[in-house]
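This briefing sets out selected side-chain and helix contacts for use at the bench. The structure is shown first, and the points that follow are grouped by topic.

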Amino acid sequence: MAKILIVDDEQKIREVIREYSEFNGYEVEEAADGMEAVGKCKLNDYDIIIMDIMMPKLDGYSACKEIRKIKNIPVIMLSARGEEYDKLFGFELGIDDYVVKPFSPKELMARVSAVLARTNRKEEATPDVLKFEGLEINIPARTVTVDGVKAELTPKEYELLFYLVENKNIALSRDKLLSDIWGYDFFGDDRTIDTHIKNLRNNLGKYRDYIVTLRGVGYKFEA
């Protein structure tokens, strides 16, 4: 049974999400603000977090940053603001999905299911550790080391790298990367992929050239 942490300062919203989550068989815990969410994540493990952005004490973006320092937990952000900038900023932090209020609880549950399925799929049926010269990807630990030094990747950068490696030597279009990593209904554009690739290459140092740009198409991992 997957365990969900619902983080929102509005009790009624927490109650609605809890009702639908428990109906779908999930175990649920709640937090009323970002500070409480960070504290709970230090003490407990969760399979996914549903978190509002605008909250007292500590907003959702800041809470996500703090949680990422200690654990890699998939995050779906809730926000009354649907501007592209807010979505892109969230995805830069490594969130897994973004839902604009007011939202359909049924759609939210479908997104939860999709994020959990993607996360589980990426962690199954692969070698525990992948090595390419001095580049090492530890799947169970979700860590990447470059010549023995841990690379500080966001969860989304890690997913992008792992997906490229999993499909080594295969040309992958930007649309396919967006669809398979961010989800079919993500409203971003090519800049999202290009920005993540740029950051990922910077983190890989001298192994950056493993990620090859295919002009007019997309990218591939070539080692």
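In this predicted model, Lys 156, Glu 159, Leu 160, Tyr 163 and Leu 164 of helix H6 are in contact with Lys 176, Leu 177, Asp 180, Ile 181 and Trp 182 of helix H7. Sorted by class, the residues of this contact comprise six nonpolar and four charged, with no polar residue. The remaining points cover the geometry of two helix pairs, the salt bridges, and the surroundings of one buried glutamate.

**Helix H6 against helix H7**

- Helix H6 spans residues 155-166 and helix H7 spans residues 174-182; their axes come within 11 Å and cross at roughly 120°.
- The two helices therefore count as oblique to each other, since the perpendicular class runs only from 65 to 115 degrees and the roughly antiparallel class begins over 145.
- The crossing of H6 and H7 is right-handed.

**Helix H2 against helix H3**

- Helix H2 (residues 34-43) packs with helix H3 (residues 60-68) at an angle of about 15°, and their axes are 9 Å apart.
- H2 is accordingly classed as roughly parallel to H3, because angles under 35 degrees fall in that class.
- H2 passes H3 in a right-handed crossing.
- On the H2 side, the contact is formed by Gly 34, Ala 37, Val 38 and Cys 41, which meet Ala 63, Glu 66 and Ile 67 of H3.
- The residues of this contact divide into five nonpolar, one polar and one charged.

**Salt bridges centred on Lys 101**

- The structure holds 19 salt bridges, and one of them joins the side chains of Asp 8 and Lys 101, with an N to O distance of 3.0 Å.
- Asp 8 lies in the loop between strand S1 (3-7) and helix H1 (11-23), while Lys 101 lies in the loop between strand S5 (97-100) and helix H5 (105-123), so this salt bridge ties together parts that are 93 residues apart in sequence.
- Both Asp 8 and Lys 101 are buried.
- Lys 101 also forms a salt bridge with the side chain of Asp 52, at 3.2 Å from N to O.
- This second pair likewise links distant parts of the chain, as Asp 52 belongs to strand S3 (residues 48-52) and is 49 residues apart from Lys 101 in the loop between S5 and H5.
- Asp 52 is buried, as is Lys 101.

**Salt bridges involving Arg 18**

- The side chains of Arg 18 and Glu 30 form a salt bridge with an N to O distance of 2.6 Å.
- Arg 18 is in helix H1 and Glu 30 is in strand S2 (residues 27-31), so placed that the pair links distant parts of the chain, twelve residues apart.
- Arg 18 counts as partly exposed because its relative accessibility is 25%, which falls between the limits of 20% for buried and 50% for exposed.
- Arg 18 and Glu 30 belong to a network of salt bridges that also includes Arg 14 and Glu 22.

**Surroundings of Glu 157**

- Glu 157 is located in helix H6.
- Its relative accessible area is 4%, so Glu 157 is buried.
- Leaving aside residues up to four places away in sequence, Glu 157 touches Glu 152, His 196, Asn 199, Leu 200 and Asn 203.
- Between Glu 157 and Tyr 210 the separation is 53 residues in sequence and 15 Å in space, taken from C-alpha to C-alpha.

Definitions and conventions. Residues are numbered from 1 along each chain as its sequence is written. This is a predicted model: local features need pLDDT of at least 70, side-chain atom pairs count only at pLDDT 80 or more; totals for chains, interfaces and linings use all residues. Side-chain values use heavy atoms; hydrogens and water are left out. A salt bridge is a side-chain nitrogen of Lys or Arg within 4 Å of a carboxyl oxygen of Asp or Glu. Helices (H or I, at least four residues) and strands (E, at least two) are DSSP runs, numbered from the N terminus. Buried means under 20% relative accessible area, exposed over 50%, partly exposed in between (1.4 Å probe, protein chains only). Axes are lines fitted to C-alpha atoms, for helices over the stretch in contact, and angles run from 0 to 180 degrees between N-to-C directions. A crossing is left-handed if the near helix is turned anticlockwise from the far one by less than a right angle, and right-handed if clockwise. Contact means heavy atoms within 4.5 Å. Ala, Val, Leu, Ile, Met, Phe, Trp, Tyr, Cys and Pro count as nonpolar, Asp, Glu, Lys and Arg as charged, and the others, Gly among them, as polar.
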